[in-house]
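User: Please take a close look at the charged side chains that pair in this structure. I am new to it, and I should be grateful for one connected account of where such pairs lie and how far they are covered.

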Amino acid sequence: MTYATDRVWEEVAYVAYYLHWDLDKILDLEHPVRERVISEIGRIHTRLGAED
């Protein structure tokens, strides 16, 4: 199965924005690991937003 190119770019941009990782480092992550990183960033972002 092929992963949609637009979705990969969304994931890359999200991780790069929050963690400031370079493109190669993000693309080297296996898909399930990248999804987990994105999920954790989202949880942190939500938690910090709730503290405001």
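Analyst: Glu 40 is partly exposed, at a relative accessible area of 27%; with a 1.4 Å probe and protein chains only, buried means under 20%, exposed over 50%, and partly exposed in between. The model is predicted, so local features need pLDDT of at least 70 and side-chain atom pairs pLDDT 80 or more, whereas totals for chains, interfaces and linings use all residues. Residues are numbered from 1 along each chain as its sequence is written, and side-chain values use heavy atoms, leaving out hydrogens and water.

Glu 40 meets Arg 43 in a salt bridge, at 4.0 Å from N to O. The term denotes a side-chain nitrogen of Lys or Arg within 4 Å of a carboxyl oxygen of Asp or Glu. Both residues belong to helix H3, where they stand 3 residues apart, about one turn of the helix. Helices are DSSP runs of H or I with at least four residues, numbered from the N terminus.

The structure holds 5 salt bridges, and two more of them centre on Arg 7. Glu 10 pairs with Arg 7, their closest N and O atoms being 3.1 Å apart. Because these two are 3 residues apart in helix H1, about one helical turn separates them. Glu 10 is partly exposed at 45%, and Arg 7 is likewise partly exposed, at 37%.

Glu 11 also forms a salt bridge with Arg 7, with the closest N and O atoms 3.5 Å apart. This pair, too, lies in H1, 4 residues apart and about one turn of the helix. Glu 11, however, is buried, with a relative accessible area of 1%. A network of salt bridges links Arg 7, Glu 10, Glu 11 and Arg 34.

The helix that carries Arg 7, Glu 10 and Glu 11 deserves a description of its own. H1 runs over residues 5–19. Glu 11 shares its buried state with Val 8, Val 12 and Val 15. These four cover an arc of only 100° around the axis, which puts them on the same side of H1; the arc is that of the directions from the helix axis to the C-beta atoms. Among what covers the buried residues of H1 are helix H2 (23–27) and helix H3 (31–51). On the other side of H1, Asp 6, Trp 9 and Tyr 17 are exposed. After H1 comes His 20, with a positive phi near 60°.

Note on methods: The expected span of a helix is 1.5 Å times one less than its number of residues. Contact means heavy atoms within 4.5 Å.
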